[in-house]
Amino acid sequence: MAAAGGAARPALTAHTDGDLVVTGGTLSLSKNSTIGGSLIAGGGEIIVDGKINGFLKAGSGSLVLNGSVGKYLDSRGQKVTINGTVAGESALSANEILIGRNATFGQKVRYWSDNNVNFGQSVKSGQAVSDESLKISGGSWRFLGFASLMALLWYLGAAFVFIVLIQYLFGRRIQRAADTLSGHTALRFIAYGFLFFILAPILIFISLLTLVGIPLGLLMMVFYIALILLASIITSVVLANWFNTHYTFQTGRWRQIWTALAIFILVKIVSLIPVAGWLLMIAAICLAFGLLVRQFIHPRGEKAALDVPQY
């Protein structure tokens, strides 16, 4: 998941993996661009000409959807213009809702607007129903930006909690893994990480083919999915341990945690850069997991125990 905020005007022109959270300013998703996950956006103007594989949740001054949303759409704002495709259900609430001739809603639509809304033949399954519960009082519009800011803070807070847990439980082992990194071995560890992400699903698939191996395969699959979801957080913790060990020579637990949070935010910002950004993010994730795989295979003869508190 990536996050951005402030008064900038981000324009996405390529594929972005994972979810994206944007607050403030204007977001423009170009025609040939894709968000692999979902988009949560709040602030000024949101223009979606590209493709969103997940859901779109927006609280903005205006939303223009010319592209497609793979799941559901939830939009609250002053003006909503739909001239694209929504595969799932939709909830629209705005002073003005405009439905274009190319608009397509795959499932039912709930809406509220000050003006009459003509959905025509755009709703393919179910129907468009006016819902007063979606009404936002005039004094509440100013809080849309605040709500999106709170969503961003909640996301960073959740990341912080996982960073604390990972550092507390596995800090010593992660630090030993980070200690093995040098400028001459970075590419080798990136290769290790890449092989891990390729070979692990194959091993899981082979385990699921045998009756005896199904329980183990299911356990491995859950563990692998968890690693994928926490990949950027784990990477931030590994890089923080390496940075503090080699540049600040301070390895206290809270030093590592705050550095990891800063690196996590930096990684998410870098991932917003088209092509180069997510390539760098993939390389960083492969590097971190390569170091961990190397430490798991060759633990230097040390006991694999939970860490004692570091101060």
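**Exercise 1.** How many residues does helix 4 have, and what does it reach from its first C-alpha to its last?

*Solution.* This is a predicted model, in which local features need pLDDT of at least 70, side-chain atom pairs count only at pLDDT 80 or more, and totals for chains, interfaces and linings use all residues. Residues are numbered from 1 along each chain as its sequence is written, and side-chain values use heavy atoms, leaving out hydrogens and water.

Step 1: helix 4 (helices are DSSP runs of H or I, at least four residues, numbered from the N terminus) has 18 residues.
Step 2: its reach is 25 Å, close to the 26 Å expected at 1.5 Å a residue; the expected span is 1.5 Å times one less than the number of residues.
Step 3: after helix 4 comes Phe 249, with a positive phi near 55°.

**Exercise 2.** Is helix 4 mostly covered or uncovered?

*Solution.* Count the buried residues (under 20% relative accessible area with a 1.4 Å probe, protein chains only; exposed is over 50%, partly exposed in between). In helix 4, 14 of 18 residues are buried, so the helix is mostly covered.

**Exercise 3.** Which residues have the most contacts inside the largest nonpolar core?

*Solution.* Step 1: a nonpolar core is a set of buried Ala, Val, Leu, Ile, Met, Phe, Trp, Tyr and Cys residues joined through side-chain atoms within 4.5 Å.
Step 2: the largest one has 35 residues, and Ile 163, Phe 289 and Leu 291 have the most contacts inside it.
Step 3: helix 4 (231-248) is one of the helices that each supply at least two residues of this core.
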